[in-house]
Amino acid sequence: MVIATLCGMGFGTSMMLKLFIDDILKAEGIKAETNPWDLGSFKGNKADIVVAPVDMEPHLRDYPAKIVLIKNLVDKQEIKEKVLGALRELS
Amino acid sequence: MQLKELLIRDAVQAKLDLRTRDEVIQMSGEMLVAAGAVEPRYAKAMKQVMDDLGPYCVIAPGIALLHARPEDGVIRSCLSLITLRKPIEFGHSSNDPVDLAFALGALNKKSHISALAELAGFLSNADFLRVLRNSADTPALQTSLFSFIEKGK
């Protein structure tokens with residue numbers, strides 16, 4: 001399972017998301033690879049799940065992956081519910 | 001690099017009377033320039049990111065994390081914070097208006113990551129946010145922010 005976290009630069013918001021998701025996966029005992037990307041470099045790459053800030057949605061329409069949009073990027077509960085939900089759907 | 005090293009004390013300013021998103025970006029850039037941490041062109045680059053990619057940098061209710069690229073004139077990795085007397089609309093679909101604006105300068109893609117992890121942890125802590133929002137002036141904010149970070153909770 002490959003999870004991509006996205007932001008504009010690939011090392012700010014997306015890195016924070018990756019760190020939260022890695023914590024969540026570890027606590028749940030789930031193995032997955034989480035990679036932060038900037039939007040421009042990511043296009044053309046493969047991921048099973050893409051996690052991104054909600055306002056990036058227009059850039060992700062028609063992307064061939066399960067798209068998870070996060071409103072509050074420091075709310076571990078929101079991130080956990082949405083990411084685990086997406087993982088359940090795909091498993 | 002730790003958060004207390006990334007955060008520039010003189011670039012932490014409380015209850016500023018700014019009116020627009022662009023004024024917040026400009027002021028953040030000027031504080032980091034004054035600290036010798038970025039070149040003057042960095043503010044314009046942060047504004048360009050917002051114009052190109054939209055207001056996604058409003059990462060949580062009331063909180064913006066502004067940044068541009070290392071090659072946009074970052075001299076050393078740095079972080080500033082402005083708290084606003086009056087919250088400002090950044091155009092985000094659910095997290096507006098903004099009253100806490102951080103600006104990050106990253107020298108490369110790696111050196112600031114442990115500090116960013118610390119910041120992410122603090123930003124998910126309601127007590128931390130209360131301390132930032134309740135600090136009435138700049139000296140109070142600088143003191144309480146650094147002491148909160150020092151205690152690590």
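# A tour from sheet to interface

Select strand β1 of chain A, residues 2-7, and then β2(A): the two pair in the parallel sense over six bridges. Keep in mind that this is a predicted model. For one matched position along the pair, pick Val2(A), which stands opposite Glu33(A) in β2(A).

**The whole sheet**

Now add the other strands of chain A. The sheet is open and has four strands, in the order β2-β1-β3-β4, with parallel pairing. Which strands are at the edges? They are β2 (33-38) and β4 (66-70) of chain A, and each pairs on one side only. Look along the sheet for its twist, which averages 25 degrees from one strand to the next.

**Helices on the sheet**

Show α1(A) next. This helix packs on the sheet and touches β1, β2 and β3 (49-53) of chain A. The direction of α1(A) makes about 145 degrees with that of β1(A).

Then select residues 76-90 of chain A, which form helix α3. Helix α3 of chain A lies across β3 and β4 of chain A and runs at about 170 degrees to β4(A).

**Across to chain B**

Bring in chain B. Here 22 residues of chain A are in contact with 25 residues of chain B. Where does the largest share of chain A's side come from? Helix α1 of chain A, residues 13-28, supplies it with five residues. By class, chain A's side has 13 nonpolar, five polar and four charged residues.

Stay on α1(A) and add helix α4 of chain B, residues 113-123. Their axes are 10 Å apart, and the helices pack at an angle of about 70 degrees. So α1(A) is roughly perpendicular to α4(B). The crossing is right-handed.

Show the side chains at this contact:

- From α1(A): Met15(A), Met16(A), Leu19(A) and Phe20(A).
- From α4(B): Ile113(B), Leu116(B), Ala117(B) and Ala120(B).

Colour them by class. Eight are nonpolar, with no polar and no charged residues.

**A helix pair within chain B**

Last stop: select α5 (residues 126-134) and α6 (residues 138-151) of chain B. The axes of these helices come within 9 Å and cross at roughly 165 degrees. That angle is why α5(B) counts as roughly antiparallel to α6(B). Is the crossing left-handed or right-handed? For α5(B) and α6(B), it is left-handed.

Display the residues that meet. Phe128(B), Val131(B) and Leu132(B) come from α5(B), while Leu141(B), Ser144(B), Leu145(B) and Phe148(B) come from α6(B). This contact has six nonpolar residues, one polar and no charged.

Notes
Residues are numbered from 1 along each chain as its sequence is written. Chains are lettered from A and ligands numbered from 1 in the order in which they are written. This is a predicted model: local features need pLDDT of at least 70, side-chain atom pairs count only at pLDDT 80 or more; totals for chains, interfaces and linings use all residues. Two residues are in contact if their C-beta atoms, placed from the backbone, lie within 7 Å. Ala, Val, Leu, Ile, Met, Phe, Trp, Tyr, Cys and Pro count as nonpolar, Asp, Glu, Lys and Arg as charged, and the others, Gly among them, as polar. Two strands pair if DSSP finds at least two bridges between them. Axes are lines fitted to C-alpha atoms, for helices over the stretch in contact, and angles run from 0 to 180 degrees between N-to-C directions. Angles under 35 degrees count as roughly parallel, over 145 as roughly antiparallel, 65 to 115 as roughly perpendicular and the rest as oblique. A crossing is left-handed if the near helix is turned anticlockwise from the far one by less than a right angle, and right-handed if clockwise.
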